[in-house]
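This report describes one protein chain for a reader who is new to structural biology. Please keep the sequence and the model in view while reading.

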Amino acid sequence: MELQLALDLVNIPEAKQLVKEVAAYIDIVEIGTPVVINEGLRAVKEIKDEFPSLKVLADLKIMDAGGYEVMKASEAGADIITVLGVSDDATIKGAVDEARKQNRKIMVDMINVKDIAGRAQEIDSLGVDYICVHSGYDHQAAGKNSFEDLATIKRVVKHAKTAIAGGIKLQTLPEVISAQPDLVIVGGGITGSENKEAVAAQMQQLIKQG
Ligand SMILES: O=C([C@H](O)CO)[C@H](O)[C@H](O)COP(=O)(O)O
């Protein structure tokens, strides 16, 4: 099981500082959608250049032109790129084909997918690398989480790795770990805490204990 730090509400210098503090405890750094909107793919490039041993995920939430957008994110140095599960199969296939050419990986974000089991099975057959259940900020504000959806994809996904994101905190991490996803994604649970290094270290330890 791996730990991904999601960076959403920072600029590039703040992102670098944050990664420096917790680099020893994480496997993947996510350049979040708001950061890409504010700073562009330059944020991906700068983080990859400064932390070459960490995998960098570009959370582009691609909805169309999968091949082209994966190519641009790959040029910037992204190791993993996100595509939305609600997008057309052709978009996901285009993203997967380009990722194979570039030796990158595709994560499908299931945010707002209504039939998680059915769509996850379809997406799994398209050759994606990760399928991620996700309660976004707007769902979190309505008190939702993706713990049940994680159990669903664990049941039906046969090839891709499974991931979960959305409002995970130190207190809720044990429940997430008990469902055994391949990847846990944490943003505010680390970035919003007083002692980020200590929280990231505790999270890594819980994950290692499995
Ligand atoms: O993808 C995300 C969200 O849609 C904003 O871009 C976050 O990175 C994801 O939800 C993880 O962050 P937290 O919910 O703060 O853990």
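## Two residues with positive phi

Asn112 is found in the loop that joins β5 (105-109) to α6 (116-124). The model is predicted, and in it Asn112 has a positive phi of about 70 degrees, although Asn112 is not a glycine. Such a value deserves attention because most residues other than glycine have a negative phi. Asn112 counts as exposed because it has 12 C-beta neighbours inside 10 Å, and a residue is called exposed when that number is 12 or fewer.

Lys61 also has a positive phi, near 45 degrees, and is likewise a residue other than glycine. Lys61 belongs to strand β3 (residues 55-62). Is Lys61 buried, exposed or partly exposed? With 19 C-beta neighbours inside 10 Å, Lys61 counts as partly exposed, since the buried class requires 20 or more.

## The annotated domain

The UniProt record, an unreviewed entry, places the feature "domain: Orotidine 5'-phosphate decarboxylase" at residues 2-203. Over residues 2-203, helix accounts for 46% of the chain and strand for 21%. The C-alpha atoms at the two ends of this stretch are 10 Å apart.

## Around the ligand

Which residues come nearest to the ligand? They are Ala6, Thr33, Gly136, Gly187 and Gly188, out of 18 residues around the ligand. Three elements give two or more residues to this shell: α2 (33-39), β8 (183-186) and α10 (188-191). By class, the shell holds seven nonpolar, eight polar and three charged residues.

## Two pairs of packed helices

A pair of packed helices is described by the angle between their axes and by the distance between the axes. For helix α4 (residues 66-75) and helix α5 (residues 89-102), the angle is about 35 degrees and the axes are 7 Å apart. The crossing of α4 and α5 is right-handed. On the α4 side, the contact is formed by Gly66, Gly67, Val70, Met71 and Ser74. These residues meet Thr91, Ile92, Gly94, Ala95, Asp97, Glu98, Ala99 and Gln102 of α5. The contact of α4 with α5 comprises five nonpolar, six polar and two charged residues.

A second pair consists of helix α1 (residues 12-22) and helix α3 (residues 42-50), which pack at an angle of about 30 degrees with their axes 10 Å apart. Here, too, the crossing is right-handed. Ile12, Ala15, Lys16 and Val19 are the α1 residues in this contact, and they meet Ala43, Glu46, Ile47 and Glu50 in α3. How many residues of each class take part in the contact of α1 with α3? There are five nonpolar and three charged residues, and no polar ones.

## A buried residue in a strand

Leu3 is part of strand β1 (residues 2-7). Leu3 is buried because 21 other C-beta atoms lie within 10 Å, where the class begins at 20. Apart from its neighbours within four places in sequence, Leu3 is in contact with Tyr25, Ile26, Asp27, Val184, Val186, Met203, Gln204 and Ile207.

A contrasting position along the chain is Ala76. The C-alpha atoms of Leu3 and Ala76 are separated by 22 Å, and the two residues are 73 residues apart along the chain.

## Two exposed residues

Ile37 has its place in helix α2. Why is Ile37 counted as exposed? It has 9 other C-beta atoms within 10 Å, and the exposed class covers 12 or fewer. The C-alpha atoms of Ile37 and Leu60 are separated by 9.0 Å, while the residues are 23 residues apart along the chain.

His159 is situated in the loop between α8 (147-156) and β7 (161-165). His159 is exposed as well, with 12 other C-beta atoms within 10 Å. Between the C-alpha atoms of His159 and Ile131, which are 28 residues apart along the chain, the separation is 9.7 Å.

Conventions
Residues are numbered from 1 along each chain as its sequence is written. This is a predicted model: local features need pLDDT of at least 70, side-chain atom pairs count only at pLDDT 80 or more; totals for chains, interfaces and linings use all residues. Axes are lines fitted to C-alpha atoms, for helices over the stretch in contact, and angles run from 0 to 180 degrees between N-to-C directions. Helices (H or I, at least four residues) and strands (E, at least two) are DSSP runs, numbered from the N terminus. A crossing is left-handed if the near helix is turned anticlockwise from the far one by less than a right angle, and right-handed if clockwise. Two residues are in contact if their C-beta atoms, placed from the backbone, lie within 7 Å. Ala, Val, Leu, Ile, Met, Phe, Trp, Tyr, Cys and Pro count as nonpolar, Asp, Glu, Lys and Arg as charged, and the others, Gly among them, as polar. UniProt positions are given in the numbering used here, feature names are shortened, and annotations may be inferred rather than shown by experiment. A residue is near a molecule or strand if its C-beta atom, placed from the backbone, lies within 6 Å of it.
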